[in-house]
Amino acid sequence: MTVTAIPTAIADPRVAPEIVSSVFYGAAVSTSLALLVAETVGGEPRITWGNEGAMHLLGYALEDLRDLPVAHLLPSLRGGELKLLLRRERTARMNLPFRTASGVFTECVVLCTPTPTGRMWNLRIVSADNEQERALRATADVHERRFATLTERSPVPTLLSEQGMRLAHVNDAFCSLVGLQSEQLLGTGWMACIHPDDLDGVIEQVAVVLGGGDGEAQARLLQRDGGERRTVIRFAHLFTPGVGAGFVASIEDITERLAFETRLAHQANHDPLTGLPNRTLLAEHVAARFVRGQAGLACLFLDLDNFKVVNDSLGHAAGDELLVEVADRLRAVVRPGDLVARFGGDEFVVVCEDVDEDDAVTLAERIGAALAEPVRLGGVDVRPHASVGVTVQADEHACADDLIRDCDIAMYQAKDGGKGRITVLDHHARAQARDKLRLVADLRDAIERRDIALQYQPIFATADGISTAVESLARWQHAERGPISPTTFVPLAEESGLIGALGSLVLDETCRQLAEWDRLLGADAPRRANVNVSALQLDANLLPLVVAALSGHGLAPGRLSIEITESALMKDPDSARTVLQQLRDLGVQLAIDDFGTGYSSLAYLRHLPVDCLKVDRSFVAEIAEGHTEITTAVIALAGSLGLSTVAEGVETPELAAELTRLGATYLQGFGLAVPMSGAGAAAWYAQRASPPGSAVPGPRAPLP
């Protein structure tokens, strides 16, 4: 069965005007048929016409009936009940007392039918003359009202078939949903409301239900105004004795829910600022098109150059505006079918199919030219440029993630070569980058398993040659690669976001070891441990981290000295000063590491709350060549500011003697003591324990 249109009127437009005129004349002059026409006039339903039968039954002249309020004829109906009679969706039937012209009430059955336009109602009035008829009518009316209470005024659209596909009843909610009157829907008229593509599925479910089961179908309902509603129709079997099998169906309008779910799905897979697919959808898109061993799939990874300058100088709103403009330009310049995604921040990825390396580079050049056109932000013309990495699928790509990862690596190769460049993946550099990624993963595992070991190098006072402090030094013994230098894994931790976890481990383990030495050595244990802190740790999180490490092992703040490189302090001096002051107020000592290598402002140094300057080993090494000027200047500067000094890299007794002569407060180096494990340091300090009043410098520490 196919249905192509929704009926808009019951009347057959092909009926000859003469017949219509004859029927109307018969109804108008009939005395056995009482008819009234009501219309809303001035917001109130009023009688606008009546035939001879109505005038005879009610005793009104035609001119008296016209403009008479319906409520005057039916005073037993309150406002809400009158609306039940004068419905726009369907015919209503009630047993009501009518007020006649003489004021006497006569019991009547009223059939009220709305016109197709919904602006007028035809009221057919039948007199209930005898008691039996009144009782039957009253019983029928009670059942009608009960059914109206249960279904017709229910907000759930409901259909009732007593036999087969033909409807015996639809409620007002369904009429409102499709915008039609019940008379247009009864029988098989309701099937015209179902989208033709969904009708077969609905019929199949009805057939199942008529056989005794339950059914459910999703279907689009067509509305009179041309709209569509997506619904779920749930059918239940109904059997009427003497009639046959039918069904009751309830309709759930899921249009808004599906639209909301669609919006949620879009938000989950698209960037809210630019509307582009996000990283999740990008991965799915590439994975769906990736076939191992085939070629032709390419990824272009773009990173905007100097985007931070726009944010810092013009504000984040201007930065967002620039990102939206870049997204629009990318959409406009790529081919139909190419995917443009926002990878994150100021990074974008373009995915294209059926291309070779030359095609991908040509597209990257077009993109670069399109982006370079000026855009006005905050009254300033900005010309965006991007570093672009290009990767075309090759045999070594085992999966879609490999392709995306390689175009990311190619982009970094482009940045390393200079901004605004297009770089095709260098496979040798790719191998190095992948090796670096593996090393990052291994470092993360090592931190989580606490496989990063600490060694402790004693620091000696020049005044008496005794060591009462150590510096904690992180060491990583890789299971396959052997020892990894801190100059390798510390920068790696900073780049990969692991420096916080690494720093926390070093602080906690150092405090644990200090507490262990206290238990083993008592008063002969080192009184202080120096811990190096990265520039990336110099924020509001550092103080709570230090407090947690100290309190966790029952140590006083003075047992720690935090070492921060000069270059780290100079990145943001004001912020650094705030963090250092918090640590100083806590009671932790502070030292500037590698002093003299960071080109710091000496005027600013005077305001930093630090206790010690560590003379870099490069300056100490120059003393052996007779160049003492820088070391002398640093020691003198520290003395003038009331700070102590630690000279690093002391390799020989001669260097120790000269540094002592120059006025260094402390010495540290392999010529005095090598870094040791916690247990080794405990044995070393225990061996050098001496009676009170004596000073016994350890071996390899011939201090004057």
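A nonpolar core is a set of buried Ala, Val, Leu, Ile, Met, Phe, Trp, Tyr and Cys residues joined through side-chain atoms within 4.5 Å. The legends below describe close-up views of a predicted model.

**View 1. The largest nonpolar core and the surroundings of I562.** The largest nonpolar core comprises 76 residues, and those with the most contacts inside it are I452, W517, V546 and I562. Helix α18, spanning residues 499-521, gives the most to this core, with 9 residues. With residues up to four places away in sequence not counted, I562 touches L507, V531, V533, V546, L583, V588, Q589, L590 and A591. Another core, of 32 residues, lies apart from the largest one and has V310, L371, V375 and V390 among its members.

**View 2. The aromatic pair of Y456 and W517.** The structure holds 8 aromatic pairs. One of them joins Y456 and W517 in an edge-to-face arrangement, with 4.9 Å from centre to centre and 75° between the planes. This pair links distant parts of the chain, since Y456 belongs to strand β18 (residues 452-461) and W517 to helix α18, 61 residues apart. Y456 has a relative accessible area of 2% and is therefore buried. W517 also counts as buried, because its relative accessibility is 0%. W517 is, in addition, among the residues with the most contacts inside the largest nonpolar core.

**View 3. An aromatic cluster.** One aromatic cluster is formed by W190, F235 and F247.

**View 4. The salt bridge between D435 and R481.** The structure contains 35 salt bridges. In the one formed by D435 and R481, the closest N and O atoms are 2.8 Å apart. D435 lies in helix α16 (residues 427-448), whereas R481 lies in the loop between β19 (467-478) and β20 (482-484), so the pair ties together parts that are 46 residues apart in sequence. D435 counts as partly exposed because its relative accessibility is 28%. R481, at 35% relative accessibility, is likewise classed as partly exposed.

**View 5. The salt bridge between E563 and K614.** E563 and K614 form a salt bridge whose closest N and O atoms are 2.9 Å apart. The two partners come from distant parts of the chain: E563 is in strand β22 (residues 560-565) and K614 is in strand β24 (residues 612-615), with their positions 51 residues apart. E563 and K614 are both buried. Elsewhere, E216, R234, E252, R257 and E261 are joined into one network by salt bridges that share partners.

**View 6. The salt bridge between E44 and R46.** A salt bridge connects E44 with R46, and its closest N and O atoms are 3.0 Å apart. E44 has a relative accessibility of 31% and therefore counts as partly exposed. R46, by contrast, is buried, because its relative accessible area is 19%, and the limit for a buried residue is under 20%.

**View 7. A nonpolar patch at the surface.** V15, I19, V20 and V23 make a nonpolar surface patch of about 340 Å². Of these residues, V20 lies in helix α1, which covers residues 17-29. V20 counts as partly exposed because its relative accessibility is 48%; the patch criterion requires over 30% relative accessible area.

**View 8. The surroundings of I409 in helix α15.** I409 is located in helix α15 (residues 400-417). At 11% relative accessibility, I409 is classed as buried. When neighbours within four places in sequence are left aside, I409 is in contact with L425, R430, A433 and R434. The C-alpha atoms of I409 and L258 are separated by 40 Å, and these residues are 151 residues apart along the chain.

**View 9. Positive phi angles at D354 and R450.** Most residues other than glycine have a negative phi. D354, although not a glycine, has a positive phi of about 55°. D354 sits in the loop between β13 (347-352) and α14 (357-371). With a relative accessibility of 72%, D354 counts as exposed. R450 is not a glycine either, and its positive phi is about 55°. The loop between α16 and β18 contains R450. R450 counts as partly exposed, because its relative accessibility is 42%.

Methods: Residues numbered from 1 in each chain as written. Predicted model: local features only at pLDDT ≥ 70, side-chain atom pairs only at ≥ 80, totals over all residues. Heavy atoms only, no water. Patch = residues over 30% accessible without salt bridge, like charges linked within 9 Å, V, L, I, M, F, W, Y side chains within 5 Å. Areas by Shrake-Rupley, 256 points an atom, 1.4 Å probe, with all protein chains shown as cover. Salt bridge = Lys/Arg side-chain N within 4 Å of Asp/Glu carboxyl O. Helix = DSSP H or I, 4+ residues; strand = E, 2+ residues; numbered from the N terminus. Buried < 20%, exposed > 50% of the residue type's maximum accessible area, 1.4 Å probe, protein only. Contact = heavy atoms within 4.5 Å. Phe/Tyr/Trp six-rings, centres within 6.5 Å; stacked < 30°, edge-to-face > 60°.
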